[in-house]
Amino acid sequence: MPLRKFQCPECQSSLIGTPDVGVMCERCDARMTVTDGILDFVTGNTGLVSEPAGPAMPYQELKNLAAGYWPGLLGSVLEVGCGTGLLTRGLIQGNEATDLVVTDGSLLMLQATRRHLGQAGLLTNIPLIFATHRGTEPVFRDSAFDTCAGTSVLNRMHDVRGFMSNMFRWLRPGGRAFFTEPNVRYHRALGQTLADILALLYREDPGFSHGKQSLLNIVSQWRRGILHLGDLPFLAALEDKHMFAGDTFEAMGREIGFAKTIAIPVAFGPTGVGFIGRLCEQLGVEEPVRSTVLGLLPAFADRYLSLLSPRDRTDRFLFWLEKGVGPIARHFRGPPAMEGELPTDLPDSFRVGGLPPRWSFELAASRTDDGIALRVHGWCVVNTDVRWIRVTLGGVGRDTPVWLPRPDVPASVDPHAAYASWNALCCGVDETLCFPDGGLDLRIEIVLSSGAIRAVPAPPNLTLDETVVVTQ
Ligand SMILES: [Zn+2]
């Protein structure tokens, strides 16, 4: 029975009972929450239910991709983030798992998956346990599983490295794990391509269309995620938190101690037409926007995709990890290049991306019960990766991202399309920042991903309940 793979989260002792009648700790008498036969370790789980970002991948396709790495039997399996249960079905029907623990962060998702499996008559093929789990709750025993698997699940986890380290312990020596996850470099290249195409479409017709707007929304979201890659406090609030570079992920696997970590390209997408075609379908992009975008794509994408290595021309990777049977070896690279204090003493003439930055911000400060609320609304076009607009009020700094879709901005400030569309179209800023009740002396800076900081000329002080507009 797969229950012996679990442990009491309080005292690490064995659990007894069954999910149907009740589960408790054999030592400390802690009672596990069980809802509809599902072990509920994620307390207070209100269950955000939404489809995973990437398409789920059928079992047979995964098996074909893993090819020679795929073992004869998967043994005891932990499925992470079952979502709608497509992989769950494959794991049950594939006849290669001896038992299966199906997890998801959302109780509602698990209830739906369990119901669908029941309707398909798949609940009794192998021993099954359903449990809510977000990847970090200490409820699995060390070396409990032969296989861990999931599709489009690491990209939604808060702390991927923490989860991977836990999973390393849950796997038996000789065990393996596999996940399909989005490739950041491909998304960046196609995001830049789509931005160029959308800029052209907006120049031809600045009017609203559902297709243009929903594609631009996606480009803005990708760009925000990519420019803030690895910034956990910022990403915490987003549902899709991460995309992955194959080599960075491989290095992380080696550092955690996996004997083998391989990023296998899922599909060869030399033009992006297949990937963007599926995206248009998901978003309901109407004609003629859809055929115009797909028609222009190969020519526009070549500029960015040709810079990628052949292995990176895929929207997703299958990450395949194996835990060795011998002594564990952890391999570390040097510290990341971007560490330490950011330089702040750059000359005023400092230019970025070959073009001067442009901006327009409205700042309106008002007093609240907790201090001072400062609404910052506007846009900032910088022709390179920009991480934040940093507003310092009374000596306290607050950062706000530059990311919102602003199709109106290129038309007014960049009629000759000198700035990269990726930067010019996704340049909006809109946030209310909260400051303690200190002074109103003001400083505004542009913080680039490179760490460089550019001051924005601004009045030295704000006045409450007055709007200040800063433009260049
Ligand atoms: Zn206990």
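In this predicted model, 9 strands form an open sheet with mixed pairing, in the order 3-4-7-6-5-8-9-11-10. Strands (E, at least two residues) and helices (H or I, at least four residues) are DSSP runs, numbered from the N terminus, and two strands pair if DSSP finds at least two bridges between them. Strand 3 (34–35) and strand 10 (260–265) stand at the edges; each has a single partner strand, so one side of each is left without a neighbour in the sheet. Strands of a sheet pair through backbone hydrogen bonds, in either the parallel or the antiparallel sense.

Because the model is predicted, local features need pLDDT of at least 70 and side-chain atom pairs count only at pLDDT 80 or more, while totals for chains, interfaces and linings use all residues. Residues are numbered from 1 along each chain as its sequence is written, and side-chain values use heavy atoms, with hydrogens and water left out.

Strand 6 (residues 97–104) is a convenient place to enter the sheet. The strand is mostly covered, with 7 of its 8 residues buried; buried means under 20% relative accessible area, exposed over 50%, and partly exposed in between (1.4 Å probe, protein chains only). Strand 6 pairs in the parallel sense with strand 5 (residues 75–79) over 5 bridges, and Gly75 has Ala97 as its bridge partner in strand 6. Strand 6 also runs parallel to strand 7 (residues 128–132), to which 5 bridges join it; here the bridge partner of Leu100 is Leu128.

The connections between these strands can be followed along the chain. Strand 5, helix 2 (residues 86–93) and strand 6 make a right-handed β-α-β unit. The chain then crosses from strand 6 through helix 3 (residues 107–119) to strand 7, again in a right-handed β-α-β crossover. A crossover is right-handed if, with the strands pointing away from the viewer, the path from the first strand over the helix to the second runs clockwise.

Elsewhere in the sheet, strand 8 (residues 145–151) and strand 9 (residues 171–182) pair in the parallel sense over 6 bridges, and Thr147 has Arg176 as its bridge partner in strand 9.

A zinc ion is bound by Cys8, Cys11, Cys25 and Cys28, whose SG atoms lie 2.3 Å from it. Donors are N, O and S atoms within 2.8 Å of the metal (3.2 Å for Na, K and Ca); water is not among the atoms, so sites may look incomplete. Along the chain the donors follow the spacing C-x2-C-x13-C-x2-C. The angles among the 4 donor atoms are 98 to 116°, and the site is tetrahedral, a term that requires four donors with all angles between 85 and 135 degrees. Cys25 counts as buried because its relative accessibility is 1%, whereas Cys28, at 36%, counts as partly exposed.

Ser13 lies in the segment before strand 1 (15–18) and is buried, at 10% relative accessibility. Leaving aside residues up to four places away in sequence, Ser13 touches Gln7, Cys8, Cys25, Arg27 and Arg141, contact meaning heavy atoms within 4.5 Å.

Some backbone details remain. Asp29, in the loop between strand 2 (22–25) and strand 3, has a positive phi near 65° although it is not glycine, and is exposed at 53% relative accessible area. The peptide bond from Glu287 to Pro288 is cis, with omega near 0°; Pro288 is in the loop between helix 9 (273–283) and helix 10 (289–305).

Notes: Four donors count as tetrahedral if all angles lie between 85 and 135 degrees; four count as square planar and six as octahedral if opposite donors are over 155 degrees apart and all others between 65 and 115; anything else is irregular.
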